[in-house]
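Student: Could you give a close reading of the strand and loop region of this model, with attention to burial, backbone angles, pairing and charged contacts? Please treat it as one connected account.

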Amino acid sequence: MKKNFGAAFVLAAAVLLASCGDPSGSSSSGTSSEEASSSNPSSSSESSSSSESSSSSEPVADVTGTGTEEDPYLVYTPEGLEAIREDIVDVETVTYVELRADLDLSGKEWAPLGSFEAAANVAFDGNGHTVEGLAITSSESEAEDLPLGFFGAATGTIRNLVVEGEIALNPLAASTYAGLVAGYGSNLYLENVHSAGTISLRTLGSRQALYAGGIVGFAGALNSYYVDIIGSSSTASVSARSEYVGYAGGIAGALSTSSYAIGLSAINSCVYSDGSVLASTAAGGIVGSTLYYASVVNSISDAASVKVDGEYYGSSAAGGIVGSSYYENAFLFNIVKTSEISGIEGSTTDTVAGELMEAGYASGADLLGALSYGNLGPSDAYTEEDLLAIGFGASYDLHGSDLPTLKEDFSIAGEGTITVHSNDG
């Protein structure tokens, strides 16, 4: 195990702070009530509104509120969520939504909230509640792009939410994006979200692309905004098998900025455990593929297995953290406990990154290659002192030589005031 963390730890700290930007429009000092509700959702629901507590004998409505920041929608039932669906997919206005109870979606096929034609534009706080029984098992859509999940295509913020369910089908779309929380995230900030279940995509035709992740299928940042997945976890088994390209990751199928956005997409302090990851092109314990200035920091991969079983133009890759990496990415101070990382003959496999682009490319500029440093593999021994030195003390509870676990009162490492701006400026 490398003990000289010095200069690289400074870089990791910069990545950690850079990934704290919350596009919801609230400063870090303004989220204390949300964090409190995440750690103790029952107390949050008890104080949610005076009308709710005025008479316990009165039935609670399916949904209350107007969807503004001052008066968010408070959702109590699946019917209440359906009632505000049209507002949620109003791309011109951010809709503020809070869950006030667990939602059981069992017994019917779920229609994702948001599409590429009308993306969900939300500040969504689950308050620690669980959406269970989500099922997406059929689709006859032949659209160019198909996003599947509790949210389909989404922008904004989603936090303090658990999603349990199944996405299993043979899609017909040219490109399919599947994640239990969101299929496709554009400038999407995810914090303290968790998932369990199964995602299984298998194409039957040619020239079809698949992106599957335990939390989000594809997360991308446009126009220099950040896309962050922070303090989150999944135990879902994830599979993306295609005759063309298939990317799968325990947390995200793919993570990217655009080629013209010099920003940073970050997966920070996330945990994937128990499940298995299988893909035809690139499989990663945390993310299948990263593109353009993406990073994975202080995360843990404890998957049962990570495998690729196909090839794309003669190549495929599997890694404990990332399957394939292109154009100036960073993988710093992660822990990999997955011991079964494998592929077909000719594929590239590695404990951290199956494939690293050593020399990046950008029009008119020379970029640094990908950076992998300070990561701990299955055979590495470590102490709490070692883990504190590489930044695991702020977000995790430490247990000696056992794997750290995310803190219930999760927070990102770093001190100071962070000013953030919403996606609309």
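Tutor: Asparagine 298 is buried in this predicted model, because its relative accessible area is 2%, under the 20% limit for that class. The loop that holds asparagine 298 runs between strand S22 (294-297) and strand S23 (300-302). The backbone of asparagine 298 deserves attention as well, since its phi is near 50 degrees, a positive value in a residue other than glycine. Most residues other than glycine have a negative phi. A second asparagine shows a positive phi too: for asparagine 127 the angle is near 55 degrees. Asparagine 127 belongs to strand S5 (residues 120-136), and with a relative accessible area of 2% it is likewise buried.

From these two backbone positions the account turns to the sheet. Seven strands form an open sheet with parallel pairing, in the order S6-S8-S10-S15-S20-S25-S30. The edges are taken by strand S6 (145-148) and strand S30 (348-350); each has a single partner strand, so one side of each has no neighbour in the sheet. On average, and with direction ignored, neighbouring strands of this sheet are turned by 5 degrees against each other. Within the sheet, strand S20 (residues 282-284) and strand S25 (residues 317-319) run parallel and are joined by three bridges. One bridge can be placed at residue level: alanine 283 has alanine 318 of S25 as its bridge partner.

Serine 280 precedes S20, in the loop that follows strand S19 (276-279). Is serine 280 buried or exposed? Its relative accessible area of 4% places serine 280 among the buried residues. A polar atom of the serine 280 side chain lies 3.3 Å from the backbone nitrogen of serine 242. Leaving aside residues up to four places away in sequence, serine 280 touches Ala240, Arg241, Ser242, Val245 and Gly246, and also Asp309, Gly310, Glu311 and Ser316.

Two residues in that contact list, Arg241 and Asp309, lead on to the charged pairs. Side chains of opposite charge can pair when their charged atoms come close. The side chains of arginine 241 and aspartate 309 meet in a salt bridge, with an N to O distance of 2.8 Å. This pair links distant parts of the chain, 68 residues apart: arginine 241 is in strand S14 (residues 237-241), while aspartate 309 is in the loop between strand S24 (305-308) and S25. Both partners are partly exposed, arginine 241 with a relative accessibility of 31% and aspartate 309 with a relative accessible area of 29%.

Strand S24 supplies a residue to a further salt bridge, in which the side chains of lysine 307 and glutamate 340 meet at 3.1 Å, N to O. Lysine 307 lies in S24 and glutamate 340 in the loop between strand S28 (335-336) and strand S29 (341-342), so this contact ties together parts that are 33 residues apart in sequence. Lysine 307 is partly exposed, with a relative accessible area of 30%, and glutamate 340 is also partly exposed, at 35%. Elsewhere, glutamate 98 forms a salt bridge with arginine 100, the closest N and O atoms being 2.8 Å apart. Arginine 100 is buried, with a relative accessible area of 9%. The count of salt bridges in the model comes to six.

The loop between S29 and S30 contains glycine 346. Glycine 346 is exposed, because its relative accessible area is 61%, over the 50% limit. The C-alpha atom of glycine 346 is separated by 9.2 Å from that of alanine 317, and the two residues are 29 residues apart along the chain.

Confidence remains to be considered. The mean pLDDT of the protein is 81, and 76% of its residues reach 70 or more. Over residues 413-425 the pLDDT is below 50, and this stretch has 26 contacts in the model beyond near neighbours in sequence. Residues 359-367 also stay under 50 in pLDDT, and there the model has 10 contacts beyond four places in sequence.

How values were computed
Residues are numbered from 1 along each chain as its sequence is written. This is a predicted model: local features need pLDDT of at least 70, side-chain atom pairs count only at pLDDT 80 or more; totals for chains, interfaces and linings use all residues. Side-chain values use heavy atoms; hydrogens and water are left out. Two strands pair if DSSP finds at least two bridges between them. Helices (H or I, at least four residues) and strands (E, at least two) are DSSP runs, numbered from the N terminus. Axes are lines fitted to C-alpha atoms, for helices over the stretch in contact, and angles run from 0 to 180 degrees between N-to-C directions. Buried means under 20% relative accessible area, exposed over 50%, partly exposed in between (1.4 Å probe, protein chains only). A polar contact is a pair of N or O atoms within 3.5 Å; within protein, one must be able to donate a hydrogen and the other to accept it, and residues adjacent in sequence count only if both atoms are side-chain atoms. Contact means heavy atoms within 4.5 Å. pLDDT is the predictor's confidence in each residue, from 0 to 100. A salt bridge is a side-chain nitrogen of Lys or Arg within 4 Å of a carboxyl oxygen of Asp or Glu.
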